[in-house]
Each structure stands twice: as C-alpha cells, then as structure tokens.
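This report introduces a protein structure to a reader who has not met it before. The sequence and the model are shown first, and the description follows under short headings.

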Amino acid sequence: MNDSSHLEECITAPSGAEGVKRILTGLLNELEGYEKGVRTGEDVKCLHNYRVVLRRARVAVSQFRRILPPDAHAYLTGELRWLGRESGALRDYDVYLEALESYQEWLPAELHSSLRIFREHLLENRNTEQEKFTRAISENRYHQFIAWWRKFSGEDQADGETPGNPDFAAVCRRRIWRIYRRMLREGALICKDSPAAALHELRKDGKKLRYLLEFYSQYPPGGKTGKLTSRLRQLLAILGKHQDAEVQAEALIQFSQRPPPEDADANSFFLGLGMLIGHLNALKIQARKDFEAGFQKFSSDKNRRRFRSLCGRRSLIRAGDR
C-alpha cells in the first residue's frame, strides 16, 4: 500500500472516538446553521430542523456513551436535554398551527369559528414560547455549551484512545443490531388494545435506529443502507401519524375544557371541536390498522436477512427475539 492510499484509509475509516467526534462536529455545524432562523422565528422549518439535529446528537451521545469520556457524556446529555425541553412547546404550537389547514377541510363552513378561536389561542402561546426560547439561546449557558461542544469535538481525535479500541463502523453495527432486535420484540407485542405509549416508544426506538443507520453510512466501511432505511421510514411514517393524531386530539380536548369567548356561539364552538377530535380519533384507528402491515414488512424474513448481513450476524433470530 502506498503512502497516499494509507493516508486515505486513515481518514475514511475512523476509530470509535474519532467517528463520534466527526459526527458531533457535523451536527454542531448544522445546528449553528439553523440558529439565526430559530431566533427570528420567521421560518418554522428552521426550528424543526434544529430539533432534529438535537435529537440526532442525543442519539449519538447515548448510543456511543461508552466511547465518550464520562464527564463529556454527562454534560452533553444534560445540555441537549435542556435545549430539547426548552424548544418542545414552541415546536408543538408550530405543528398545531400547520394542522389547522387540514382541520378546516374537516369542518363545514359554519363551524370554522372554532378554528379561528383555536388559532388565536395557539398564536398567543406560540409568541410566548418563542420569546422564552430566544432568551434561552441568548444566555451564557447556551454560548458556553456551544463553545465547549466546538472545542471538544475538535480536540485531538487520539485523546483517550486505547489499544484495541473498536472502529466506528463496528460500534455502529452492534448498536444497530441491538435496537433492531428490541424493535422486533416491542412491535410483536403491540395489538389493537395496546396503549398509545407503546407505539410511541417503538417510534422513539425507530428514530434511534434511523439515525444510527445514517451515522454508519457516512464513513467507510459503512455500506449502503437504503433498503433498510426505506422500510424503517415507512414504519416511522405510520407511527408518526398515530402520534400526531394522539397529541393533537389531546390538545383539542384540553382546549375544549375552557369556556368559549363571550362573542362566540357556544354550540358551534363545542360542536366544531368535537368533530375535530372525532376525526383525529379515526386517524388513530386507521394508523393502528396500517401499523400491522407496516410492521410485517419491517420484520419480514427478507428485511431480517438484510440487517443480519449488515451487522455480520449469521445466526437466525430466535422466536423470542421477533
């Protein structure tokens, strides 16, 4: 092997610690790219993308925790959770406001007054949450965290390395295999009577798996994961529809418990909200029906073989792991 090919191998086949720091560097760059839009609040997509980066970073930190120094793992975990918590309500209001367009199609024109009242409520609360989050990311705590993150992810990649430290791809494969098997077990237990929380937990694991597949595919020898990701995305889309309908119905139920404005027709107000809640409940039922077919594809023998091949697992999955 000549010097140039050896150099390329060193660059493209990182060790575990090296790979994690590269991932964290890339995520920080993305986060800072969305920060201006998040501060102004003018583009809701910026906040959505900002929170996706936060989730991916949390997955990287949690799934590769044994690679990271304990103090760094603890600090990253705490601050990423803080930012997720601070931005959560703001994103919720954005989602509800985006859903209003669909809501309007579900109601006859004479009941649209319910939507107007709900919209005013959402906008008022969204403005409050925007101000709160803007203050949070203007604090010294935030700036210190970003500066620390930049310094940590850019430190000498060999710091803390020990002989025999597994390469990044090997660590990814182990974590992918573990979460995939857990999803098979969790999904097999879900039935029509399962609580919404069971589907939500499966969705959270699915997102972890999706991000791990993305991390794995970024650096050689990580292979193509398109087919695996495709099946997973289909399942996550179904679970996402169920979760969206669940939280939106709950928000409308809570809103319906407050008295309508004095200038509103009470009957139209409650009837409109009731129809919306009923429609959302119907969407949840449909999502549960769709889940059965989606999970069958995700857990099919063909898909299991793909995961076994990716993760280097030749033995068949036992019945108890399905």
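## Confidence in the model

Residues 1-11 have a pLDDT that stays under 50, and the model gives this stretch five contacts beyond four places in sequence. The structure is a predicted model, and a second stretch, residues 315-322, likewise stays under a pLDDT of 50. For residues 315-322 the model has 17 contacts beyond four places in sequence. Where pLDDT is low, the predicted coordinates should not be read in detail.

Taken over the protein, pLDDT averages 89. A score of at least 70 is reached by 89% of the residues.

## Overall architecture

The protein contains 11 helices and zero strands. Read from the N terminus, its elements therefore follow the pattern α-α-α-α-α-α-α-α-α-α-α, with helices and strands being assigned as DSSP runs.

Of the 322 residues of the protein, 43% count as buried. Among contacts with a separation of 6 or more, 79% are accounted for by residues 24 or more positions apart.

## The largest pocket

The largest pocket of the model has a volume of about 1300 Å³. Its lining comprises 37 residues, of which Arg51, Arg55, His200, Arg203 and Lys207 are the closest to the centre of the pocket.

Four helices each supply at least two residues of this lining: H3 (44-63), H4 (70-106), H8 (196-218) and H9 (226-256). Helix H4 gives the most, with 12 residues. By residue class, the lining of the largest pocket divides into 16 charged, 12 nonpolar and nine polar residues.

## Cysteines

How many disulfides does a search of the whole structure find? The search returns zero. Cysteine 311 is in no disulfide, and the nearest cysteine sulfur, which belongs to cysteine 172, lies 9.9 Å away. A disulfide requires two cysteine sulfur atoms within 2.5 Å, so the distance of 9.9 Å between the sulfurs of cysteine 311 and cysteine 172 does not qualify.

Is cysteine 311 buried or exposed? Cysteine 311 counts as buried because its relative accessibility is 8%, and the cut-off for burial is under 20%. Cysteine 46, at 15% relative accessibility, also counts as buried.

Conventions: Residues are numbered from 1 along each chain as its sequence is written. This is a predicted model: local features need pLDDT of at least 70, side-chain atom pairs count only at pLDDT 80 or more; totals for chains, interfaces and linings use all residues. Side-chain values use heavy atoms; hydrogens and water are left out. On a 1 Å grid over the protein atoms alone, a cavity is a set of points where a 1.4 Å probe fits but cannot get out, and a pocket is an open set with protein on both sides within 12 Å along at least five of seven lines; lining residues have an atom within 4 Å of a point. Grid points are joined across faces, edges and corners, and a volume is the space filled by probe spheres set on the points. Ala, Val, Leu, Ile, Met, Phe, Trp, Tyr, Cys and Pro count as nonpolar, Asp, Glu, Lys and Arg as charged, and the others, Gly among them, as polar. pLDDT is the predictor's confidence in each residue, from 0 to 100. Contact means heavy atoms within 4.5 Å. Buried means under 20% relative accessible area, exposed over 50%, partly exposed in between (1.4 Å probe, protein chains only).
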